[in-house]
Amino acid sequence: MDLKKTDDTVMRRVRAMNDRINMLKENDLYFYNQPVTELRGGARVLVNGREMGMYASYGYLGLLGHPRIGAAAKAAIDRYGTGTHGVRTLAGTLKIHNELEETIADFKHAEAAVTYSSGYATNLSVVSTLMGRGDYVLSDKLNHASIVDGCLMSGAEFRRFRHKDMEDLEKRLQQVPSDRAKMVIADSVFSMDGDIIDLPKMVELCKKYDAWLMIDEAHSVGVLGKTGRGIEEHFGMNDVIDIKMGTLSKTIPSVGGYVAAKKEIITYLRHASRAYIFSAALPPAQAAAANEAFKVILDEPWRIEKLNQNTHQYINGLKGMGFDTMLTETAIVPVLCGSDERAFSLTREAQHHDVFVLPVVSPAVPEGLARLRATITAAHETDEIAYAMEVIGKAGKEIGII
Ligand SMILES: Cc1ncc(COP(=O)(O)O)c(C=O)c1O
């Protein structure tokens, strides 16, 4: 079939991307979409026949392969099979979905919770269901794409404030007519930078300007707070966020997303959000795995301590070598490389020495701020982290990053 149309706008876009990918492949600089063929213990994987240390996974507490979680998933398959054959509203709701939502509400100290089939769909659907034309959404400039897409889809006036700049947020809140509904939305931990939002100040501003507050906890559940409950626990605050969003695909070794909030809000979302009404329910095994994982987090607090120790070892080690790890305070650790090419070269050296780590380049981050982004987990051993740092340090010197 000939892909050429009279107007070749689409094909120009398609070819530009294909050309960039082909150029990277020809120079041995393309590291995306590589299949992992085996998990080997905590943080080691088999990729292209080579065993590598995994530094690109969001499994912060090392729960993938946990026997209790695996057993819960298997039992759910035995009981319910592998799918739901329906949306939650019709035939898709299983007892395990309700149990999972109760577990999440309890974990997040909220009245109720609702789950969706992905974190992406959760943000898209929840923001666009709660907000609409004539309303205002105020979003941190570095928020995740799913929040941005939800804001755009809502049809509300979309305002971005400078990253973590609470003065700028206040200025923008002052510009919203007082009779309009408004929602402030931010990531708790920013996925490209690893820094933490100033929740206390944000809560204060939302109260002052009568705005709803929604926080995406994709990278804070299991990471922040003594018991891993997330950003409120981290700041010693209790139930101050109106809409607590999270995913079941990062610390929680499953797939899906959730929102925890007041009961009335959850009931509304169950009957008005399109990703809930028009998309199949979570498969039973995934719901059961997620349900068990929240319990394991509370039963095994040593994992959070180990994650913190590992994170400090890695960040301090890299800083000691002279790398710029930007503003990270968490297990997401960027190493600033500058150009995309330098980030790709550092990745190549790391991967050639069996450290599975990936670059983040434009347009995901602004040009000139390309980075190698590693994620640290509780499953890494001290000597594994030391080895990864040695490899990155040596390569960083060769490429001229340090
Ligand atoms: C901050 C944030 N929100 C939402 C998502 C989407 O979650 P999921 O991958 O579960 O769809 C991600 C995923 O990377 C994320 O980093």
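**Exercises on strands 8 to 10 and helix 4**

**Exercise 1.** State which residues of strand 9 point one way and which point the other way, and whether they are buried or exposed.

Solution. Step 1: Ile243, Met245 and Thr247 point one way from strand 9, while Lys244 and Gly246 point the other way. Step 2: in a regular strand, side chains alternate between the two faces of the sheet. Step 3: all of these residues are buried (under 20% relative accessible area; exposed is over 50%, partly exposed in between; 1.4 Å probe, protein chains only). Step 4: strand 9, residues 243-247, is thus mostly covered, with five of its five residues buried. Strands (E, at least two residues) and helices (H or I, at least four) are DSSP runs numbered from the N terminus.

The model is predicted: local features need pLDDT of at least 70 and side-chain atom pairs pLDDT 80 or more, while totals for chains, interfaces and linings use all residues. Residues count from 1 along each chain as its sequence is written, and side-chain values use heavy atoms, without hydrogens and water.

**Exercise 2.** Find which strands pair with strand 9, and in which sense.

Solution. Step 1: strand 8 runs parallel to strand 9, joined to it by three bridges (pairing takes at least two DSSP bridges). Step 2: strand 10, residues 257-261, pairs with strand 9 in the antiparallel sense over four bridges. Step 3: follow Lys244 of strand 9, which is the bridge partner of Ile215. In strand 10, the partner of Lys244 is Ala260.

**Exercise 3.** Describe the surroundings of Trp212.

Solution. Step 1: Trp212 belongs to strand 8, residues 212-216. Step 2: its relative accessible area is 38%, so Trp212 is partly exposed. Step 3: leaving out residues up to four places away in sequence, Trp212 touches Lys182, Met183, Val184, Cys206, Asp242 and Ile265 (heavy atoms within 4.5 Å). Step 4: Ile185 is 27 residues from Trp212 in sequence, but their C-alpha atoms are 8.4 Å apart in space.

**Exercise 4.** Check the length of helix 4 and list what its buried residues pack against.

Solution. Step 1: helix 4, residues 95-107, has 13 residues and should span 18 Å at 1.5 Å a residue (1.5 Å times one less than the number of residues). Its end C-alpha atoms are 18 Å apart, which agrees. Step 2: the buried residues are Ile96, His97, Leu100, Glu101, Thr103, Ile104, Ala105 and Phe107. Step 3: they pack against helix 2 (67-80), helix 3 (88-92), strand 4 (112-116), strand 10, helix 10 (263-272) and helix 12 (284-299). Step 4: after helix 4 comes His109, with a positive phi near 50 degrees.
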